[in-house]
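I am opening a notebook page on a structure that is new to me, and I will write down what I look up in the order I look it up.

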Amino acid sequence: LESSPETEGGLKAVLMDFGSAKPAKVTVTDRSQALLIQEKAAGECTASYRAPELWDTPSECVIDERVDVWSLGCLLFAATAAGKTPFEYATDAAGGSLALAVMSGKYAWSEAARKAYPREVMAVAECCLEKDWRARPRARDVREKAREALATTRRKFLGGGGEGAGDDDEPAVLVTEEV
């Protein structure tokens, strides 16, 4: 997100980091491969959106679309926090480490976000920010959770009716499984 006087709310989304696009699935079988993945991630991925397994890659694991699910969680969080990702607080603190903050998986929603956004929307971001890559949902699961959150939010705020409030409506942005 960046400041923009031309847009309502003063912020606009800017998509970037396309240089880090890689095959959706990489099997890591030894420490040297793990270190290579970490090195590439350090050079090609924005640190504040980088998944924990890209900071400290296990010697035996599968790196797949769940790293992108993590990044989506960071993006959703930032959308509620004036552009700050969930772990940037660490760099604001004296001597804080972004890597250690991400590895801890601990973050907090601001009071303003808790008041302004439906719990269902925040739950989508929270499921994406599961620290353990094995427990983190895959893209198709997040897509379903987002659809459910959208339907529930529409029912709450539109009373189950109103134009465009049907459960069959497609969300404005679809999360896909493959690039």
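**Entry 1, a single residue.** I began with Thr 57, which I found in the loop between α2 (52–55) and β4 (61–63); I keep in mind throughout that this is a predicted model. Is Thr 57 buried or exposed? I looked up its relative accessible area, which is 0%, and because buried means under 20%, Thr 57 counts as buried. Setting aside residues up to four places away in sequence, I listed what Thr 57 touches, and the list reads Val 28, Arg 31, Ala 34, Ile 37, Gln 38 and Ile 63.

**Entry 2, the whole chain.** I then stepped back to the protein chain, where I noted 8 helices and 4 strands, following the pattern β-β-β-α-α-β-α-α-α-α-α-α along the sequence. The chain has 179 residues, of which 31% count as buried. Its exposed area is about 10800 Å², and carbon and sulfur atoms supply 55% of that. Among contacts with a separation of 6 or more, I noted that 57% come from residues 24 or more positions apart.

**Entry 3, the cores.** Next I looked for nonpolar cores, bearing in mind that in soluble globular proteins nonpolar side chains tend to be buried together. The largest core here has 18 residues, and those with the most contacts inside it are Val 28, Leu 54, Ile 63, Trp 70 and Phe 87. At least two residues of this core come from each of α1 (31–44), β4, α3 and α5 (98–104). Apart from this core lies another, of 7 residues, with Val 69, Cys 127, Val 142 and Ala 149 among them. I also looked up Trp 70 by itself, and, leaving aside neighbours within four places in sequence, its contacts include Tyr 49, Pro 52, Phe 87, Val 102, Cys 128 and Arg 136.

**Entry 4, helix α7.** In α7 (residues 119–128) I marked Glu 120, Met 122, Val 124, Ala 125, Cys 127 and Cys 128 as buried. What covers the buried residues of α7? I found that the cover includes α3 (66–80), α6 (111–116) and α8 (139–158).

**Entry 5, α7 against α8.** How do I describe the pair? The axes of α7 and α8 are 8 Å apart, and the helices pack at an angle of about 165°. Angles over 145 degrees count as roughly antiparallel, so α7 is roughly antiparallel to α8. The crossing of α7 past α8 is right-handed. From α7 the contact involves residues including Glu 120, Val 124 and Cys 127, and from α8 residues including Val 142, Ala 149 and Lys 156.

Terms used. Residues are numbered from 1 along each chain as its sequence is written. This is a predicted model: local features need pLDDT of at least 70, side-chain atom pairs count only at pLDDT 80 or more; totals for chains, interfaces and linings use all residues. Side-chain values use heavy atoms; hydrogens and water are left out. Buried means under 20% relative accessible area, exposed over 50%, partly exposed in between (1.4 Å probe, protein chains only). Contact means heavy atoms within 4.5 Å. Accessible areas come from the Shrake-Rupley method with a 1.4 Å probe; for residues, only the protein chains shown count as cover. A nonpolar core is a set of buried Ala, Val, Leu, Ile, Met, Phe, Trp, Tyr and Cys residues joined through side-chain atoms within 4.5 Å. Axes are lines fitted to C-alpha atoms, for helices over the stretch in contact, and angles run from 0 to 180 degrees between N-to-C directions. Angles under 35 degrees count as roughly parallel, over 145 as roughly antiparallel, 65 to 115 as roughly perpendicular and the rest as oblique. A crossing is left-handed if the near helix is turned anticlockwise from the far one by less than a right angle, and right-handed if clockwise.
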